[in-house]
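This report covers a sheet, the helices that lie across it, and the surroundings of one residue.

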Amino acid sequence: MLIKPPRLRQGDVVGLIAPSGYTNDAAIEKAVRNIESLGFKVKFGTYLREVFGNYAGSSQQRLADLHAMFADPEVKAIWPIRGGSGAISLLAGLDYALIRRHPKVLIGYSDITTLHLAIFRHTGLVTFHGPVASSTLTPYATQHLMAVLTDPQASYTIPMSPENAERAALEPHFGVHTYTHGVATGPLMGGNLSMVAALAGTPYAADIRGSILFLEDVNEAPYRIDRWMTQLDLAGGFANAAALVVGICQHCGPEHEDVSLTLARTLALHLHPLVIPAVSGYSIGHIRNQCTLPIGVRATIDTRAQTITLLEAAVS
């Protein structure tokens, strides 16, 4: 059974935390501008500015901030300032009972994927794969973020970004490529490819059976994309999903290898054989014009229309 967090309203307080990589004053200032520009107020996590190696403080400090925001009745949403790495180390220590008692909006992508998948699996709380607090919020990103978080509707259709389509003329990976056409319905599941793969076989893994599985990554060589896709296919079977959607994978061409497959050919290895709807180049990922997808909410993908339609409200 899904637990849907209360919708956000103008003037609500948003908790700003860093559960993954460390941050800096410039990013914090940008995040504050973003949150206030959307009509919300900001509350800083106690350990927001901590640095422990490349992490934003120790795992205990990052857990403390996350738990404090869920427990704080003033805070209505929790918005990580960035991804990076390190959130996976929090999963075993998360107080899932606390989260279940105090359902709130949690937004982010990249390394935040681990929190989305673990929290959904152990609580049923709908969380949101979308921009981090320090993202550059374009009109497209803002429109679909606010629609999903503040305006519950029985049905909401998300088209792909026209700005991304324009970039495809010079950067082909920004273009939509359909391997298998079709219409499919299922719960939305997925996120950052490397993190979804890292959780496979653990108590926090995504259940991709019957889902609209969406995946994306950044700054990864094709051989690593291939390895993680293979790992997920072996663990859960892409054919058991309702549909497979790959977002826009930025900077994922060959690195320094003398001989390498391209990203396009690598994706084709995994998507072309599928009989379920399979596409790449959707407006998901480490890009400015990204949509916000609620984990666990039922949706329909239509490959010919190039849309994802939410079939229920993601907030209460």
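Helix axes are lines fitted to C-alpha atoms over the stretch in contact, and angles run from 0 to 180 degrees between N-to-C directions. The model described here is predicted.

**Sheet**

Six strands form an open sheet with mixed pairing, in the order S2-S1-S3-S4-S5-S12. Strand S2 (41–44) and strand S12 (293–294) are its edge strands, each pairing on one side only. Between S5 (residues 128–129) and S12 there are two bridges, and these strands run antiparallel. Phe128 stands opposite Pro294 in S12.

**Helices across the sheet**

The table lists two helices with the strands that each lies across.

| Helix | Strands crossed | Angle |
|---|---|---|
| H2 (residues 59–71) | S1 (13–17), S2, S3 (75–80) | about 170° to S1 |
| H5 (residues 139–150) | S3, S4 (105–108), S5, S12 | about 160° to S4 |

Strand S3 appears with helix H2 and again with helix H5. The edge strand S2 lies under H2 in this listing, while the edge strand S12 is listed with H5.

**Glu220**

Glu220 sits in the loop that links strand S9 (212–216) to helix H8 (222–236). Is Glu220 buried or exposed? The relative accessible area of Glu220 is 15%, so Glu220 counts as buried, the cut-off being under 20%. The side chain of Glu220 makes a polar contact of 2.6 Å with the side chain of Arg224. With neighbours within four places in sequence left aside, Glu220 is in contact with Ile225, Trp228, His251, Cys252 and Gly253.

Conventions
Residues numbered from 1 in each chain as written. Predicted model: local features only at pLDDT ≥ 70, side-chain atom pairs only at ≥ 80, totals over all residues. Heavy atoms only, no water. Helix = DSSP H or I, 4+ residues; strand = E, 2+ residues; numbered from the N terminus. Buried < 20%, exposed > 50% of the residue type's maximum accessible area, 1.4 Å probe, protein only. Polar contact = N/O pair within 3.5 Å; in protein donor to acceptor, adjacent residues only side chain to side chain. Contact = heavy atoms within 4.5 Å. Pairing = 2+ DSSP bridges.
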